[in-house]
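Me: I am new to this structure and would like to go through it in short questions. Please show it first.

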Amino acid sequence: MIRILNILAVLGLMASAVHAYSTKYDTLYQAAQVSKLKSQLHNERQAIAVLRAEWQLLTRPDRLQAAVERHLALEPIGIEHLARMSDLPARPDRGDEIGRLLAATSTPKEKTATRADEPRTTGSITRSTTTRTVSTRTPATASR
């Protein structure tokens, strides 16, 4: 009996050692991956900084002005380039677009709610507005 317990204890110890070493090496692998990703992130941030500096260099106003003067034949805006409001065509009348959209999107419930003369029904019971006549005779007068 004691031998079986000793064998089980040794097997348990070996299993826990294997698990501990596998956890250790998995942790080392994950740490290496994190380190690799951090270095890639650092490189990407440096590349972004370089691209921003290049963009600022390329979009300097004095550089752009020199390129425009060299490659484009632009002239200043004169009075002949301006138009009057009367020169524009009149805007066509489109009517009541919102009302048309509301009418098109109304639900059947809203359409039937406008019919006030029809009785409302719930299931198979119809509500009506008729009144009943109640007799006001007392039992003493009814027996005579």
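Me: How many residues of helix α3 are buried?

Reply: This is a predicted model, where local features need pLDDT of at least 70, side-chain atom pairs count only at pLDDT 80 or more, and totals for chains, interfaces and linings use all residues. Residues are numbered from 1 along each chain as its sequence is written, and side-chain values use heavy atoms, with hydrogens and water left out. Helices (H or I, at least four residues) and strands (E, at least two) are DSSP runs, numbered from the N terminus; buried means under 20% relative accessible area, exposed over 50%, partly exposed in between (1.4 Å probe, protein chains only). Helix α3 has 8 residues (97-104) and lies largely in the open, because the number buried is 0.

Me: Which residue has a side-chain oxygen that reaches the backbone nitrogen of Gly 99 at the start of α3?

Reply: The oxygen comes to within 3.2 Å of that nitrogen. The residue it belongs to is Asp 96.

Me: In what pattern do helices and strands follow along the chain?

Reply: The chain has 5 helices and 2 strands. Read along the sequence, their pattern is α-α-α-α-β-β-α.

Me: What percentage of the chain's residues count as buried?

Reply: The chain has 144 residues. Of these, the buried part is 1%.

Me: Is Leu 8 buried or exposed?

Reply: Leu 8 sits in helix α1, which covers residues 2-58. Its relative accessible area is 53%, so Leu 8 is exposed.

Conventions:
A polar contact is a pair of N or O atoms within 3.5 Å; within protein, one must be able to donate a hydrogen and the other to accept it, and residues adjacent in sequence count only if both atoms are side-chain atoms.
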